[in-house]
Amino acid sequence: MRKVNKVANAIEVNQLNYKVENLQLKNISFEVKKGYVTGFIGANGSGKTTIIRIIMGLLKEQSGDLKLLGEYLTANPVEIKNKIGFVYSELYMYENWNIKTIESVVSKYYKNWDHDMFQKYMNQFQLPYKQKIKQFSTGMKMKLSLAIALSHHAELYILDEPTAGLDPVVRNEVLEILQKELIDEDKTIFFSTHIISDLEKIADYIVYLKDGSIVINESVDELIEGYKIIKGDSAILDDELRELLISIKETHTGFSGLTNQSSVFVELFGNDIVVETPSIEDIMVRIEKDKFNKEVV
Ligand SMILES: Nc1ncnc2c1ncn2[C@@H]1O[C@H](COP(=O)(O)OP(=O)(O)OP(=O)(O)O)[C@@H](O)[C@H]1O
């Protein structure tokens, strides 16, 4: 993991509450550390896009507050948004516009718009400058969004599923571009994704949203260190030990369970159990299938 001199947060979300018909976000607090990549994960419909929209000031929280680059967005919206490169999960642009028109509009908004850099991305992503957006594929629209986000020397990138809809080659290209941005220690990336391999490639920290609350807010290293999969004979599990397992799969050959208290099992059972280090995907899948959904095969 890279080191930064200043310890500071690029995003601070504090006790945020938000409720609409079928979504309730409860006391959401997390921080995005300056100079690092933070991945934002959670099941479909868990509220990631909603939180990103609240962060960008497009939706209003019902209580709580948040700071972007050390300031409240309302204090200085234009200045702060100039320092943010964002990608929304859907591209809101007039379908009849072409890239040339879009650039002429967007470049007026951003103080540090870099035409040469935008051109470079247009070439790299092979996007046609004069074709109407409505003729673009999903992947082409995403590349255009990314190119805009990357072409005004932003300090903070807030990206809602930036690699969705991209083929594996372009996805890798985008991850490499994002990683290069991070060579500058003052730049920060906060991105939501369902593609766990993207997280494994570039994320330093993970924020995990489940059932309206943040259930994990820590570094990837801490996460992988903290959680273990325990495998053994089901007969060793009493009610107290079952409580320590976040998820359990049981078959006639024994159990396999995720825990963040593996030392208890190791002390009690030593070599009678197998302790494995899970991948981020293992952790996420098993947390989604919590105890209440205990799987008996
Ligand atoms: N204005 C609204 N009115 C009613 N329901 C809403 C509104 N905005 C969002 N929702 C609901 O909130 C839930 C969360 O949606 P959101 O798009 O934030 O989730 P997400 O985690 O980004 O999902 P995905 O991973 O599928 O993109 C969904 O059930 C959605 O229908």
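1. A residue counts as partly exposed when the number of other C-beta atoms within 10 Å of its own falls between the limits for exposed, 12 or fewer, and buried, 20 or more. His153 has 17 other C-beta atoms within 10 Å, so His153 is partly exposed. The model discussed here is a predicted one.

2. The backbone at His153 deserves a look. His153 is not a glycine, yet its phi is positive, at about 50°. The residue sits in the loop that runs between H5 and strand E6 (156-160).

3. Leu69 can be read alongside it. Leu69 also is not a glycine and has a positive phi of about 50°. Its place is the loop between strand E4 (63-68) and helix H2 (77-82). Is Leu69 buried or exposed? With 20 other C-beta atoms within 10 Å, Leu69 is buried, because 20 or more is the limit for that class.

4. Helix H6 covers residues 168-181, which is 14 residues. From the first C-alpha to the last, H6 reaches 20 Å, close to the 20 Å expected at 1.5 Å a residue.

5. Which residues of H6 are buried? They are Arg171, Val174, Leu175 and Leu178. These residues lie on the same side of H6, because they cover an arc of only 100° around the axis. As a general point, an α-helix has 3.6 residues a turn, so residues three or four places apart point the same way.

6. The other side of H6 carries exposed residues: Val169, Glu176 and Lys180. As for the buried residues of H6, their cover includes helix H5 (138-150), strand E7 (188-192) and helix H7 (196-202).

7. The ligand has 13 residues around it. Among these, Leu23, Asn44, Lys48, Thr49 and Thr50 come nearest. Helix H1 (residues 48-55) supplies the largest share of the shell, with 3 residues. By type, the shell consists of 9 polar residues, 2 charged and 2 nonpolar.

8. Strands E1 (residues 9-20) and E2 (residues 23-33) pair in the antiparallel sense, and 8 bridges link them. How many residues does the hairpin between E1 and E2 use? The hairpin joins E1 to E2 through 2 residues. One of the bridges can be named: Asn9 has Lys33 in E2 as its partner.

Methods
Residues are numbered from 1 along each chain as its sequence is written. This is a predicted model: local features need pLDDT of at least 70, side-chain atom pairs count only at pLDDT 80 or more; totals for chains, interfaces and linings use all residues. A residue is near a molecule or strand if its C-beta atom, placed from the backbone, lies within 6 Å of it. Helices (H or I, at least four residues) and strands (E, at least two) are DSSP runs, numbered from the N terminus. Ala, Val, Leu, Ile, Met, Phe, Trp, Tyr, Cys and Pro count as nonpolar, Asp, Glu, Lys and Arg as charged, and the others, Gly among them, as polar. The expected span of a helix is 1.5 Å times one less than its number of residues. The arc is that of the directions from the helix axis to the C-beta atoms. Two residues are in contact if their C-beta atoms, placed from the backbone, lie within 7 Å. Two strands pair if DSSP finds at least two bridges between them.
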